[in-house]
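Trainee: Could we go through this model together, asking at each step what earns a feature its name?

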Amino acid sequence: MKITRQKHAKKHLGFFRNNFGVREPYQILLDGTFCQAALRGRIQLREQLPRYLMGETQLCTTRCVLKELETLGQDLYGAKLIAQKCQVRNCSHFKNAVSGSECLLSMVEEGNPHHYFVASQDQNLSMKVKKRPGVPLMFIIQNTIVLDKPSPKTIAFVKAVESGQLVSVHEKQSIKQLKEEQGLVKNPEQRRRKKRKKISGPNPLSCLKKKKKAQDTKPSCSENKRKRKRIRNRSTSKVLSGTENAEG
């Protein structure tokens, strides 16, 4: 029975890997109902999930799930302890927390780009997840972890992609990566960040007092002319005084 379960899991994983780019480590989003079912069934998630999926796994949850478990009180105290040991993924509900099911559903929007698995016992959440292509769904039945087969919505999406009617998120990412490798599109990580101008103080040279211009020591042309006139007047006066003495 265990071998049959693993064969089904391997087949389903291959489907999601080939069509949606799901890869290790498998990121599994847990809600409170799944943690409670694992507690009741005495399932060691960190040990049994990697064996069942035959690969590395990461147990994840969100702040909204933890908040929901806290408000439900002592009845789900054990489930809260299991969830607290998981890695917390950032959701968009920073200010106002929502229900755990609503939060997990928001984490797999827009084609599930982070390749999350959703692990839940909530039938309502499971039905909504099945309507979103490319989201692997897990649950516990008879104290056994099960990876659900691809939903009809997921299979229809893959057929539409194969016929050329749609392009999957995985193919879009592959095309973008090829363009970046060929230099057709600049990788945002390679773009140089614009250097911000540092706010610097005033130029120390501009703070210095301006030196007064040294006055020219050379006499100007007008002063030279005046001196020449004075010399001429002196010489003429001497000549005139000399002639007057001679006449006398």
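Mentor: What follows takes the sheet, the turns and the empty spaces in that order.

Mentor: This is a predicted model, in which local features need pLDDT of at least 70 and side-chain atom pairs count only at pLDDT 80 or more, while totals for chains, interfaces and linings use all residues. Residues are numbered from 1 along each chain as its sequence is written, and side-chain values use heavy atoms, with hydrogens and water left out.

Trainee: What makes β5 and β6 a pair of strands, and in which sense do they run?

Mentor: Strands are DSSP runs of E with at least two residues, helices are runs of H or I with at least four, and both are numbered from the N terminus. Two strands pair if DSSP finds at least two bridges between them; four bridges join β5 to β6, so the definition is satisfied, and the two run antiparallel. Within this pairing Ile-140 stands opposite Ile-145 in β6. By the same rule β1 (residues 26-30) and β4 (residues 116-119) pair over four bridges, here in the parallel sense, and Leu-29 has Val-118 of β4 as its bridge partner.

Trainee: What is the strand order of the open sheet, and why do β3 and β6 count as its edges?

Mentor: The six strands follow the order β3-β2-β1-β4-β5-β6, with mixed pairing. β3 (87-89) and β6 (144-147) each have a single partner strand, so one side of each is left without a neighbour in the sheet. From one strand to the next the twist averages 35 degrees.

Trainee: Which strands does α3 lie across, and how is its angle to β6 defined?

Mentor: α3 lies across β1, β2 (57-62), β5 (137-141) and β6, running at about 45 degrees to β6. Axes are lines fitted to C-alpha atoms, for helices over the stretch in contact (heavy atoms within 4.5 Å), and angles run from 0 to 180 degrees between N-to-C directions. In a regular strand the side chains alternate between the two faces of the sheet. In β6 the covered face has Ile-145 and Leu-147, whereas Thr-144 and Val-146 are on the uncovered one.

Trainee: Why is Gln-142 called exposed, and what sign does its phi have?

Mentor: Exposed means over 50% relative accessible area, buried under 20% and partly exposed in between, with a 1.4 Å probe and protein chains only; Gln-142 is at 73%, and therefore counts as exposed. Its phi is positive, about 50 degrees, and Gln-142 sits in the turn of the hairpin that β5 and β6 form with two residues between them. Most residues other than glycine have a negative phi, and most peptide bonds are trans. Glu-110, in the loop between α6 (100-107) and β4, also has a positive phi, of about 55 degrees. A cis peptide bond, with omega about -10 degrees, joins Glu-24 and Pro-25.

Trainee: What makes one space a cavity and another a pocket?

Mentor: On a 1 Å grid over the protein atoms alone, a cavity is a set of points where a 1.4 Å probe fits but cannot get out, and a pocket is an open set with protein on both sides within 12 Å along at least five of seven lines; lining residues have an atom within 4 Å of a point. The largest cavity has a volume of about 60 Å³, and its lining includes Phe-16 and Lys-130. The largest pocket holds about 290 Å³, and among its 14 lining residues the closest to its centre are Ile-43, Gln-44, Leu-45, Ile-82 and Lys-85.

How values were computed: Points joined across faces, edges and corners; volume = space filled by probe spheres on them.
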